[in-house]
Structure formats: C-alpha cells, structure tokens
Amino acid sequence: MGTTATDAMAAGTRAVPAHMSRRLLWTLTVATVFAVGNIYYSQPLLGEIAQSFRQSASSTGTIPMLSQLGYVAGLLFLAPLGDVLEKRGLLVVLLVSAGLALLAAGIAPTFPLFLTACLGIGLTAVLVQILIPFVAVLSTPAERGRNLGTVLSAALIGVLVSRTLSGFVGAHLGWRGVFFVASATMFALAVLLRLGLPRHEPPTRLSYPRLLHSVWSLFRDLPELRAIALTGALMYAALSAFWASLAFYLESDAFRMGPETAGMFGLIGAAGALAANLTGRNVERIGARRLVRGSILLMLLAWMVFAGLGATWAGLITGVLLLDLGAQAATVSNQTALYHIHPEAQTRLNTIYKVFYYAGGACGSWLSTAAWEHFAWRGVCAVGAMFLLLAFAWERLRLAARAMTATPAPLR
C-alpha cells in the first residue's frame, strides 16, 4: 500500500523547536551568498568557452542546461538527505565535493570532459537548497517570511556577484581562472561552516529508500505543491532564457562587448534583492498567489522591453531590472506558500519545487540558445515571453478552478 503525505510526515518526523539566532542567520546568509553561484559562473563566459573548445552557440548552450540538469539530479537524490542526516556534516561534504567539481572544470582538456564537470557542479550545488529550508525550519511562523526573504535576497546577491565576478576574473585570468577561484572558495566555505555551525540532528528517521519514496508521496498527494512547482518552472525558464543568451547578444554586432560586460549586468539586477526582502516582509499580508501573478506580468513587460528596445543600453538595462524584480518577488512568494503546505518536510517540499524549477531553467536555456542561433534576439524574446504567457494562463486557470469549487455562501 502506498505511503500518503500524512504517513510520510508521521514516519519518524517530529516538530523542530524554532530557534534562529542572528548569528546563525548571518552564518547561513554568508554561506548562501558564496555557494549559490556555482551553476551561474559559466553564463558570462559562454562566448569565450565556445571559442576555446571551437563549439557553436547551440552546442555551448548545453553547458547551462547540463549544470541545471545536474542540479535537478542533486535535488532528487541528495537534497532529501537534509531531512535525515546531520546538516553541518552534510553541508561540509557537499562543499568539498563542489570544490572538486569546479577544479575539474578548470582543468578539463576537452569539451566532453568539461560538460561532465558541469554536471558535477550542478549536482553538488544543491547544498544551497539544504541551507534555505534550514532557515525555514529554525524560524518561528511569524519570522519565517522575513528570514526567508533575507536568505533568498542573499541567494540573489550570490547569483549577481557570481556573474559579475565571473566576467571580471574571466577578462583578466581567462575562463579557466574563474573555476579555479570558485573551487578555492568552496574549500574555504567548508572550513567556515565546519567551525561556525552547530550540529543539527534532524527529527526524521527514515531509511534512504523510504525517504525517496516519501518525496514521491508528497508530490502525489499535494496538488497545491504541484501547482506552485509548475508556475515556478515556467517563470525560471523565462529568466534562464535571458541569461543563457546574453553573452552571445553582447558579443554580436549590436554591442561588441565581452564577458566582463556580461558579468556587470548581474549588478544591474541587484534591485531584485530588494524585491525579495520586501516581498518576504509583506507576502502574508498581500497574498502569495496575487504577488506571483503580478510578478509574471512584470517579467512579461521586461521581455516586451527587450523586444522593442533591447538594441539600446537603456532598453537592456530597464529590461534586466524588471525581469529580476519580478523573478525574485515570485521566488519568495512561491517558497513562502510552499512551506505552509507541510511544515514538517521543508527540505523535501523544496526538493520537489526546485526539481521543477531547474528543469524549467534547463528548457529555457536550451531553447534560448537554439532560438539565438536561428532567429537572433527576437527569437530569444519570443521564447522568454512564451513561458510567461503559459505561467499566467496556468495561474488564471487555477484561480478559476478554485472559484468554481468554492462552497457558495448560504442564502439569507
């Protein structure tokens, strides 16, 4: 007989006393900033990597795709361990493994070996998805939105810094130097967390096979979880479509710029960190789904700006600001709503959500680079807008279905 979501919750799971000290929140926030960027380092460097290995744009587009697919595999098979293993030790092991994968990418002599290393980078980068639910578990319900806003803002800052650092280091030390620096950072973080984090024994006592089965049970039994995950996947696909093609667009005749400029665009989206923080503080008052629908429209407006004014610096910068504002506000809204569904299985809920999220990102990255090769920038804009239109239609369908199934008030 199949295990239900309730059974999965009850199978050795107990409530964890909420306790998030400022010191612990600061430690996890710093770790998130520096650990989150591993799968993004390659994005400003795609043009340089393509030249180094003599690959086409569509072939090079498999780099972010494989990194994200590796991330999906890590979410499925590694991240659920955050609910059953001691968290500090698990995070240290993943950081060391990430450092080794980044080192392998830096020394890879051939394109297939580099792609294999990218798969490993994505696989180990799931350590961030153990850090974030850790914050949710240790926060009181009243503080959860605010603390998640803080750490998700840190995640955004890490993404932005990683792209900017990647472009800067790549311009001065070459693209391989970027992976060497990132590898050293992961080893340093492993030491920091080993010394700075307390041990945290999880309340769940499940065997690994039962743990993986409980992930499936949660996915099967929680329709709200599936609905939120699909929206997140479509929105992240639209965001990834932009970043996967930006380096090629900036190197084209429209701008003639290199990886350093592509990396600097990460800083332009820093306003998204503010959006994440403000959303975390207000999501309970405004409502998560309402915020998500507004975020979809904001991102769609960004792609309209890209299509109409993307050949100008002003249009490109404005579009990036709108795109990141919408994406980060939606991320906080989705994940805050997610953690209300099943408070005792935070990491596994996050696993399911992020599997969808990064699978969507992989699709967006691949379709974007294929569209660039065949239809140039207008094709990329069409891909990004398509995903957002699908996301908005899905949210409206959910809203209509909920209205139809609502029990009508009795006549008076």
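**Exercise 1. Work out how much accessible surface the protein has and what share belongs to carbon and sulfur atoms.**

Start with the total: about 16,400 Å² of accessible surface (Shrake-Rupley method, 1.4 Å probe). Carbon and sulfur atoms hold 69% of that. Before going on, note that this is a predicted model, where local features need pLDDT of at least 70, side-chain atom pairs count only at pLDDT 80 or more, and totals for chains, interfaces and linings use all residues. Residues are numbered from 1 along each chain as its sequence is written, and side-chain values use heavy atoms, with hydrogens and water left out.

**Exercise 2. Find what share of the protein is buried, and which residues touch the most other members of the largest nonpolar core.**

Step one: 59% of the 412 residues count as buried (under 20% relative accessible area, 1.4 Å probe, protein chains only; exposed is over 50%, partly exposed in between). Step two: the largest nonpolar core (buried Ala, Val, Leu, Ile, Met, Phe, Trp, Tyr and Cys joined through side-chain atoms within 4.5 Å) has 124 residues. Those touching the most other members include Phe242, Phe306 and Trp377. Step three: zoom in on Phe306. Leaving aside neighbours within four places in sequence, its contacts (heavy atoms within 4.5 Å) include Phe242, Leu316 and Trp377.

**Exercise 3. Check the span of helix α12 and locate its kink.**

The protein has 17 helices and zero strands (DSSP runs: H or I of at least four residues for helices, E of at least two for strands, numbered from the N terminus). Take α12, residues 223-251: its 29 residues should span 42 Å (1.5 Å times one less than the number of residues). The end C-alpha atoms sit 44 Å apart, which agrees. Now the kink: about 40 degrees, centred on Ser245 (the angle between axes fitted to the seven residues ending there and the seven starting there). Finally, 24 of the 29 residues are buried, so α12 is largely enclosed by the rest of the structure.

**Exercise 4. Trace the salt bridges around Glu395.**

The count is five salt bridges (a side-chain nitrogen of Lys or Arg within 4 Å of a carboxyl oxygen of Asp or Glu). First, Arg289 pairs with Glu395, with the closest N and O atoms 2.8 Å apart. That pair links distant parts of the chain, α15 and α17, 106 residues apart. Next, Glu395 also bridges to Arg398 at 2.9 Å, N to O. These two are three residues apart in α17, so about one helical turn separates them. Both Glu395 and Arg398 are buried. Add Glu224, and you have a network linking Glu224, Arg289, Glu395 and Arg398.
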